[in-house]
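Visitor: Please take one part of this protein and go through it closely. I would like to see how that part sits within the rest.

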Amino acid sequence: MFKKSTTNQQLGLFTTASSLMCKRESKQYEDEKEWHMQFYRNVTCNIEADVFRLKCYFL
């Protein structure tokens, strides 16, 4: 039913995504003015984690 993947797409523990890019791409990836960095700061970082925390009432 399922086939085992032959390639490992997961990054190593000490590898960053920008180290796998060329110089131009990594510069754009790390630029604070790019939309993905603004989205991360303004949206992703402001999500309240408590809303998504599992509540266990059976203890």
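Guide: What follows is a close look at one serine and its surroundings, and then at a few other places in the chain.

The model is a predicted one. The protein contains two helices and zero strands. Of its 59 residues, 5% count as buried. The accessible surface amounts to about 6,500 Å², and 59% of that belongs to carbon and sulfur atoms.

The part to look at is Ser18, which lies in the segment before H1. Is Ser18 buried or exposed? Its relative accessibility is 13%, and the cut-off for buried is under 20%, so Ser18 counts as buried.

Which residues does Ser18 touch, leaving out those up to four places away in sequence? They are Ser26, Tyr29 and Glu30. Take these three in turn.

Ser26 belongs to helix H1, which covers residues 23–30. With a relative accessibility of 14%, Ser26 is also under the 20% limit and therefore counts as buried. Seen from Ser26, with residues up to four places away in sequence again left out, the contacts are Ser18 and Met21. The contact between the two serines thus joins the segment before H1 to helix H1 itself.

Tyr29 is eleven residues from Ser18 along the sequence. In space, the C-alpha atoms of Ser18 and Tyr29 are 6.8 Å apart.

With Glu30, the link to Ser18 can be described in more detail: a polar contact of 2.9 Å joins the two side chains.

Now to the other places, starting with charge. Side chains of opposite charge can pair when their charged atoms come close. The count of salt bridges here is one. Its partners are Arg41 and Glu32, whose closest N and O atoms are 2.8 Å apart. Arg41 has a relative accessible area of 37%, and Glu32 has a relative accessibility of 44%. Partly exposed covers the range between 20% and 50%, so Arg41 falls in that class, and Glu32 does as well.

Helix H2 spans residues 35–42, and Trp35 is found in it. The relative accessible area of Trp35 is 64%. Because exposed means over 50%, Trp35 counts as exposed. Together with Phe39 and Val43, Trp35 makes a nonpolar surface patch of about 350 Å².

Last come two cysteines. Cys22 is partly exposed at 38% relative accessibility, and Cys45 is partly exposed with a relative accessible area of 43%. How many disulfides are counted? The count is zero, where a disulfide would need a pair of cysteine sulfur atoms within 2.5 Å.

To return to the part chosen at the outset: Ser18 is a buried residue in the segment before H1, touching Ser26, Tyr29 and Glu30, with a side-chain polar contact to Glu30.

How values were computed:
Residues numbered from 1 in each chain as written. Predicted model: local features only at pLDDT ≥ 70, side-chain atom pairs only at ≥ 80, totals over all residues. Heavy atoms only, no water. Buried < 20%, exposed > 50% of the residue type's maximum accessible area, 1.4 Å probe, protein only. Patch = residues over 30% accessible without salt bridge, like charges linked within 9 Å, V, L, I, M, F, W, Y side chains within 5 Å. Areas by Shrake-Rupley, 256 points an atom, 1.4 Å probe, with all protein chains shown as cover. Salt bridge = Lys/Arg side-chain N within 4 Å of Asp/Glu carboxyl O. Helix = DSSP H or I, 4+ residues; strand = E, 2+ residues; numbered from the N terminus. Contact = heavy atoms within 4.5 Å. Polar contact = N/O pair within 3.5 Å; in protein donor to acceptor, adjacent residues only side chain to side chain.
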